[in-house]
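Colleague: I'm new to this one and would like a close look at its salt bridges. Could you start there, and then take me from them to the parts around them?

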Amino acid sequence: MSQGNTASPSPVGRAAEARALAEVLDAANHRGGGLLLWGEAGIGKSTMLDWAADRWHARGGHPVRGTGSEAESVVPYAGLRRLLAPLAGHIDALAPRPAAVLREVFRFGLSGATGAPDVPDVFAVALAALDLVTVPALGHPLLLIVDDAHLLDHPTVQVLGFVARRLEHDPVVLLLAARAPAELDGLAGVPVLDLAPLADRDAARALDDRSPGLDPVVRDVVLDQAAGNPLALVALPAVVEGLDPHAVGADLGAVPLRGRIELALVRRLDDLDPVTLDALLVAASDSRADVGEVLAATGRLAGRDLDERILAPAVAAGLLAPGGEDTLRFAHPLLASALRDRAGPDRLRAVHLALAAVVAAPDRRLAHRGAVTTDADDALADQLAAAAARARRLGATGSAVTPLVRSARLSSRRPQRVARLLEAADVAATLGHREAAARLLDEAGALGPGRLDQIEGERLRARLSEGGSDGPDPEHLIALADEARALGAGELAIALLAVAAQHCWWIYRAPATRRALTDAVRRLPADPLDARVLSMLVQVAPVEESGEVRRRLAARASSTTDSPDDGFRLGMAAHVVTEFGDAERLLSRAVSALRAQGRLAAIAAVQTVLAFNELERGAWDAAAEAAGEGLRLARETGDDEWLGPALTVAALLAALHGDPARAAELDAEAERVLHERGSTNIHAVLRGSRGRRAAYLDDAGSAVSLLLPLFDRREPDFNPRNCLSTIVPLAGAVARSPRAGAAPTVLGVVRWLVAQGTRADPELPPGLATGAAYAEAVLGPERGAARRYAEALERAESRPFDRARVELAHAGWLRRHRQVEPARRVLRRAHATFVALGTAPLAAATQRELVLTGERDASRAEDPWRSLTPQEAQIARLVAEGLSNREVGQRLFLSHRTVGSHLYRIYPKLGITSRIELARWVLGAEPPVA
């Protein structure tokens, strides 16, 4: 790209904004980024985009432009197809998976493909789009410009937000413009350039340049009413032309600014021929329509053939940007809305019908027909339902609701109307749109649905109240499940009990209710080894059913064909019954499969659970890596269900890795997110995290205060699953900071848990067995303590982290009983384990105990690995395993240049200079061949 040319001067009053934008554009040879420009009521955003395009042209580049369209805002990926169509020729340079995804989504053709690929998540499309805009075959920096981003379909917004956040190290600049960033929740984290109103002096200069000779009174009124809006400064003089100067202020002041601007724009239409006006209205009703389609549709309205001469008056009047594009571009986006408002419903209906008759693309033709059809039309309803199914298959779930609702309302047959409304409600519930889902359920219920549809409606209503204190009645859901099973709807029965089980996971129900629910799960027409069945059992009775769940997990151990969703369920079940090794294997396998599918939201959930699992297993470095990615992806995908847990585990790990400031920041955010979501167990979640943090950081008093309430069975939010992970830290804290009655309380609950676990199976979950043995050893009476410590050590022998925690407590007991040398030997072993596992706070505590035995303080120097961020550690491990930068990027959803930039920072931190040294550092061996 040439560097010698200069761009046109910045727009009046925009010098500061232009400098900020120029910095991004001029750096594009070696790095890029995303930038969102916004200004209420069109404050100069289009002008700034044009200026950026001119600057790019002046440097020898050719920007790629797109724009949002209100007519296409419900068509999945419509905006993305338009924006990236000029890059379609580079799809063949991509890896097979992203190339196949783009061919499917953008309909570039499937030549050479055996069938349409699965696109289970919008972020699979985002990954493919990132590959396309950063493909080396482009050979030059790329500028992508999108105006009216607030009118884009939501999947496109999500994709562009994903891409924008990953362009820091790539020669690609993505500029988006919208009226307000709040309208674009998919663009969180993208830098914003706020186009504020022009200053008074700049506004006056701009007005005088465009409209010299205005009456002074009128000039003052225009400046006042325009309020620094550049478009208003251009348009309003035409509104007041010929009016009484002294009446202008009152006339304009009664109309909102947007209305004033549209009024000014509409006045410029008054002198146009009616056919030219129709052509503009056609273009305003479908921004994807090319010139040929606009002329064909307008010709149908006029009853004669037309050519491009009909558009010349609009170009001359400054309403259309001059040629050079296949599609028509208005001089300002408000012209389109002004044209539609002026036309009225009857004329708009005629325009949509004319467009439906001439456009070739099925989705656009369907959108135009759907916009004007009000009477029952089963053929159109079926097409809309098929469009919804296609949207879901392409991972654009959010784009399925509107066509499903339209399909339902156009269906003449009641069963289809009910089924489509229920499906729309299900999708809305999945998206977290609870009020919309409830309204759709009301609409379906008013139609008099059949019994199975009634039951499905009740399931969805119960799902909407999941996790709340007024949640669904499990007994009622059990009865509905039995009825559905009797009617032959086995999958519906499973779905009903899944809702009941999920609710019991959050609110620990009475024993009779939980027994009734586990009995109902066993009556299901499902394989006992079905991952859904195991998930339900462990949610309803995490202690009582632990033996049965562990046996069934062992029976499935050899299976390698689980879907990632089943792998997640099985891994979660293994984690709950404290089979941490099995959980790590199952969850890691699920993550790998989800990476291949590009399902970022699901990866966020699995990585968050994996972080909790590795935390309890003692693999705190691995936990930090999983938590880092889980939190990053939960934020990015807007997954509010898993954001709270991800923040909680990330805060705990930040504290344990010596970053209290970040821990406090994440902890505060976790509390806010959990409150906003209305989580019923928010206090238990936060107490558990904060209490474990205090215990591991040797603040025993705070740990007891925080954790002891979790062991109060009289509390309404008592849940044994909160006890399982806190037995050891709480028991250890009580032993170090005794509180009256605390030890009997903890031991009482621990013994109750043991009784619950052994009622159906003599073999306890390993975590409960080791935790109970630890609690009995440190909190039990002095008499028999040696025997109880020996039992605790035997229980924990195969679990290094648990054994080291017992050894640390045991050594303290030995030292207090003047057995200094045995205590020293035990502490050395525990210290070595804690160091190897990376559990630095516990290693430090063990070192302090060693010093008390007379051991020289041999605290190791800070491990350079601790200086890496979780994402850097993740990248370092993958590179050490022999993956190339591009392969690492594909694994972690980053561009290869971003991976290279991370390596540039990793090497100095570790004091190395090459991949070979990195492999030696991480693996202790030469690197595999990439």
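Modeller: Let's start with Arg799 and Asp802, whose side chains meet in a salt bridge, with 2.8 Å from N to O. Keep in mind that you're looking at a predicted model. Are these two residues buried or exposed? Arg799 has a relative accessible area of 14%, so it is buried. Asp802 comes out at 9%, and it counts as buried because the cut-off is 20%. Elsewhere, salt bridges with shared partners join Asp426, Glu456, Arg459 and Arg463 into one network. In general, side chains of opposite charge can pair when their charged atoms come close. In this model the count comes to 64 salt bridges.

Now pick out Glu669. It forms a salt bridge with Arg635, and the closest N and O atoms are 2.6 Å apart. Glu669 sits in helix α33 (residues 660–677) while Arg635 sits in helix α31 (residues 620–637), so the pair ties together parts that are 34 residues apart in sequence. How accessible are the two ends? Glu669 has 17% relative accessibility and counts as buried, whereas Arg635 is partly exposed at 37%. If you skip residues up to four places away in sequence, Glu669 touches Arg635 and Leu647.

Helix α33 has another salt bridge to look at. Asp667 in helix α33 is linked to Arg693 in helix α34 (residues 682–696), and the two are 26 residues apart. Their side chains meet at 3.3 Å, N to O, and both Arg693 and Asp667 are buried.

From charged pairs, let's move to the nonpolar side chains. In soluble globular proteins, these tend to be buried together. Here the largest nonpolar core has 184 residues, and those touching the most other members are Tyr77, Leu84, Leu144, Val159, Phe162, Leu497 and Phe711. Helix α30 (residues 600–617) gives the most to this core, namely 11 residues. To see one of the well-connected members, zoom in on Phe711. Leaving aside its neighbours within four places in sequence, Phe711 is in contact with residues including Phe718, Cys723, Ile727 and Leu730. Its contacts also include Thr726, Thr745, Val746, Val749 and Val750. There's a second, separate core too, with 31 residues, among them Val275, Ile310, Leu328 and Leu355.

Next, the sheet. Strands of a sheet pair through backbone hydrogen bonds, either parallel or antiparallel. This one is an open sheet of five strands in the order β2-β3-β4-β1-β5, and the pairing is parallel. Why are one side of β2 and one side of β5 left without a neighbour? β2 (64–67) and β5 (192–194) stand at the edges and each has a single partner strand, so one side of each has no neighbour in the sheet. On average, neighbouring strands are turned by 20 degrees against each other, ignoring direction.

Follow the edge strand β2 inwards. It has a covered face with Val64 and Gly66, and an uncovered one with Arg65 and Thr67. β2 pairs with β3 in the parallel sense over four bridges, and Thr67 has Asp147 in β3 as its bridge partner. One step further along, β3 (residues 142–147) and β4 (residues 172–178) run parallel and are joined by five bridges. In that pairing, Ile145 has Leu175 in β4 as its bridge partner.

Helices lie against this sheet. Helix α2 (residues 45–58) packs on it, touching β1, β2, β3 and β4, and its direction makes about 160 degrees with that of β3. Helix α1 (residues 15–26) lies across β1 (33–38), β3, β4 and β5, and runs at about 145 degrees to β4.

Last, a word on confidence. The mean pLDDT of the protein is 84, with 90% of its residues reaching 70 or more. Which elements stand at the two ends of the range? Helix α23 (residues 474–486) has the highest mean pLDDT, 95, and helix α10 (residues 248–253) the lowest, 51. Over residues 1–5 the pLDDT is below 50, and this stretch has 10 contacts in the model beyond near neighbours in sequence. Residues 108–117 also have pLDDT below 50, with 15 such contacts. Where pLDDT is low, the predicted coordinates should not be read in detail.

Methods
Residues numbered from 1 in each chain as written. Predicted model: local features only at pLDDT ≥ 70, side-chain atom pairs only at ≥ 80, totals over all residues. Heavy atoms only, no water. Pairing = 2+ DSSP bridges. Axes fitted to C-alpha atoms, helices over the stretch in contact; angles between N-to-C directions. Contact = heavy atoms within 4.5 Å. Salt bridge = Lys/Arg side-chain N within 4 Å of Asp/Glu carboxyl O. Buried < 20%, exposed > 50% of the residue type's maximum accessible area, 1.4 Å probe, protein only. pLDDT = per-residue confidence, 0-100. Core = buried A, V, L, I, M, F, W, Y, C linked by side-chain atoms within 4.5 Å.
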